[in-house]
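I opened this notebook to record what I looked up around the ligand and at a few individual residues. The entries follow in the order in which I made them.

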Amino acid sequence: MTLPFTLLITPLAADAPDDGSWFAGTFTEVDASEPALRVSELSTQRGDGVFETLAVVNGHAQEVQPHLARLARSAEICDLPAPNLAQWSAAVSTAVQAIPDHGELAIKLVLSRGVENGPSPTAWLHASAARDFGPVRQSGVRVVTLDRGYDRGVAERAPWLLLGAKTLSYAVNMAALREAHRRGADDTIFVSSDGYVMEGPTSSVIIRHGDMFSTPAPSGAILHGTTQTSLFEYLERHGHAVSYRDISVEELRNADAAWLVSSVRLAVAITELDGAQVPVDAPLTQLFTEYLLSPRD
Ligand code: PLP
């Protein structure tokens, strides 16, 4: 029951069967404070790899299969070998057995292209305590819009930009967050150069007009968020209308409520957009938080 908890994973071919021993032998627990990766590792040299971050709440790993499906999709976009999802599932289960069964934790899964000219990809899992997002779930976030520098159709025109993959190259996303902080905000929403809402650097956007909840259509230019998908299923089950569509910045500005949603921070209300107040739906934000903290598969 220790944190952090790290497993190096010898990635198996996607179609390799479970040998009946729970993939024993392909996981090696390592001390996170000790060296474990080679200097020529392409994840560190070039950010060349993909990852997922999922939440573990009171011993339950949330939405494992949707995260693994996105890992596989990211790998496909990046021409990485397809991950063996049963092996990754077993790695998550192994971690969940080893880490505390209470509180909020985060598990990061990484699949990198490996060492230069190396025989196979490198893979690992790292579990750690989640930051305390309780206060920001209460207070919400002030957001500025930032130009993403691409139009909505960029992914189809230039798939090599890998925009729909969750790659390790998050330097741009972190730079956008720093710019938001410089502008006195807590977070940002990327806007396409033709004026449409995309996503946050680490989150998806949901807006409400009346009883209609909308999120940007999952084009190849943004990530299809697992939290947003889960919330839309929840909303539909409770009789609300949801839609995936192009959302102009104007529509974002006149929303009745808006949220940034992601796996570990969960749903945070947007309280201010480019310096203008945004109405906050506190009861619904509270419901979202309760739902997102409940065990979800
Ligand atoms: N968009 C980006 C760019 C992200 O990095 C993330 C999560 O980190 C999301 C959206 C939200 O995805 P999820 O809800 O699966 O965490």
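Entry 1, the ligand shell. I worked from a predicted model. I looked up which elements supply at least two residues each to the shell around the ligand, and I found helix H7 (226–237) and strand S12 (257–262). I then noted that H7 gives the most, with 3 residues. In total, 14 residues surround the ligand. I listed the closest as Leu223, Gly225, Thr226, Thr227 and Ser263. By residue class, I recorded 10 polar, 3 nonpolar and 1 charged in this shell.

Entry 2, Asp18. I located Asp18 in the loop that runs between strand S1 (5–9) and strand S2 (27–30). Is Asp18 buried or exposed? I entered it as partly exposed, because 13 other C-beta atoms lie within 10 Å, a count between the limit of 12 or fewer for exposed and that of 20 or more for buried. Leaving aside residues up to four places away in sequence, I found that Asp18 touches Phe23 and Ala86. I also checked Asp18 against Leu105: the two are 87 residues apart in sequence, and their C-alpha atoms are 27 Å apart in space.

Entry 3, a cis peptide bond. I looked at the bond from Leu3 to Pro4 and recorded it as cis, with omega near -10°. Pro4 belongs to the segment before S1.

Entry 4, positive phi at Asp79. I noted a phi near 55° for Asp79, which is a positive value in a residue other than glycine. I placed Asp79 in the loop between helix H2 (64–77) and helix H3 (85–98). Why does Asp79 count as exposed? I counted 8 C-beta neighbours inside 10 Å, and Asp79 is therefore exposed, the cut-off being 12 or fewer.

Entry 5, positive phi at Leu266. I found a phi near 70° for Leu266, again a positive value in a residue other than glycine. Where does Leu266 lie? I traced Leu266 to strand S13, which covers residues 266–273. I entered Leu266 as buried because 27 other C-beta atoms lie within 10 Å, and burial requires 20 or more.

Entry 6, the two positive phi values side by side. I set down Asp79 as a loop residue that is exposed, and Leu266 as a strand residue that is buried.

Note on methods:
Residues numbered from 1 in each chain as written. Predicted model: local features only at pLDDT ≥ 70, side-chain atom pairs only at ≥ 80, totals over all residues. Near = placed C-beta within 6 Å. Helix = DSSP H or I, 4+ residues; strand = E, 2+ residues; numbered from the N terminus. Nonpolar A, V, L, I, M, F, W, Y, C, P; charged D, E, K, R; others polar. Contact = placed C-beta atoms within 7 Å.
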